[in-house]
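Thanks for making time this morning. I would like to walk you through a few places in one model, starting from a single pair of side chains and working outwards.

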Amino acid sequence: MSQPSKYLSEMQSINPLGEFIRARRGATSPTQVGLPDGGPRRIPGLRRHEVAMLAGVSEGYYARLEQGREKNPSDQVLNALIRVFGLDAEAAEHLHTLARPRVRAADGGPTPRGDRPAAHLVHLISSWNTPALVLGPRFDILAANDAAKVLLGVMGTETSLPRFVFLNPVARRFYRDWEQIARTYVAGLRAAASLHTGDETLYRLVAQLSASDADFDRLWAKYDVPARAHQTNRLLHPGVGELTLIHQTFAVHGSPGHQLGTYQAAPGSPSEAALRRLLGGAGRRGSADEGRPVLVGEPGPVTA
């Protein structure tokens, strides 16, 4: 099976809950849960009977969960698995979402909102001096205000943050903590894939990244979800050098799958001063387009 078809088959699985807990089982060592370390195992992680024992269920029941033959696990069972695997709040919420899926469309999954940002969001960020983006469900930049276009000018005309991170060598210099950023986007794509099993555009993106970058393959196999909504980004900007910014994303009520993303420096910090110099030096020249976010499909979507 070719690599792209391998990922297509995996992402179209009708058993995302089973895949998630199987991946978490493989990522959890015996010592993490207080079991004796019996040395190297043929397959990393816990065995099924160990998870079942720790969660207080039968081995047969747990096997049915992984195989997708048990469709309605109780909250008690889910919470026991959260405890066994040591899931954080976001991963725990994702587990509950997989176990209680929304009504799925005929194509196998709910379809995320299209790739045009809501007009009120575009208008909202246009007046901000803070770098701000409207992101689609696959981390495409659907709109960027002037400040964001200056900050992310290294992306050129690329509008996909995952493609920039994995396929453009500039990203590994721009993001000082590249591994952390990469894990965040893979986790976000993983979450989207498990919740939107009919999203062919997402399949194509994952196939492209998996065929082009070994690091993407490595991180995808870890099955970390979901993406962090609040993260410190250390950037090496060609205009002002090092910047430490808080990148925050917010879900947008009324626009399923869309997020509002902002970048802010700590008040009074050297990064705040550097960001101010960067944005001031960009020369707000009073063009007719000043303050108007560029939308996907227009020339130069995120250039300075």
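**Salt bridges, a helix and a buried leucine**

Glu242 counts as partly exposed because its relative accessibility is 47%, where buried means under 20% relative accessible area, exposed means over 50%, and partly exposed is in between, with a 1.4 Å probe and protein chains only. Before going on, I should say that this is a predicted model, in which local features need pLDDT of at least 70 and side-chain atom pairs count only at pLDDT 80 or more, while totals for chains, interfaces and linings use all residues. Residues are numbered from 1 along each chain as its sequence is written, and side-chain values use heavy atoms, with hydrogens and water left out.

Which residue does Glu242 form a salt bridge with? The partner is Arg176, with the closest N and O atoms 3.4 Å apart; a salt bridge here is a side-chain nitrogen of Lys or Arg within 4 Å of a carboxyl oxygen of Asp or Glu. This pair links distant parts of the chain, since Glu242 is in strand S4 and Arg176 is in the loop between helix H10 (170–174) and helix H11 (178–195), 66 residues apart. Helices (H or I, at least four residues) and strands (E, at least two) are DSSP runs, numbered from the N terminus. Arg176 is also partly exposed, because its relative accessible area is 39%.

By this rule the model has 18 salt bridges. Another of them joins Glu66 to Arg25 at 2.7 Å between the closest N and O atoms, and it links helix H4 (residues 59–67) to helix H2 (residues 16–26), the two residues being 41 apart. Glu66 and Arg25 are both buried.

Strand S4 comes up again at helix H14, because S4 is among the elements covering the buried residues of H14, together with helix H8 (146–151) and strand S3 (230–237). Those buried residues are Ser271, Ala274, Leu275, Leu278 and Leu279, and, seen down the axis of H14, they fall within an arc of 130 degrees, so they line one face of the helix. The arc is that of the directions from the helix axis to the C-beta atoms. On the other side of H14, the exposed residues are Pro270, Arg276, Arg277, Gly280 and Gly281.

Finally, Leu209 in helix H12 (residues 200–212) counts as buried because its relative accessibility is 0%. Leu209 touches residues including Pro162, Phe166 and Phe216, leaving aside those up to four places away in sequence, where contact means heavy atoms within 4.5 Å.
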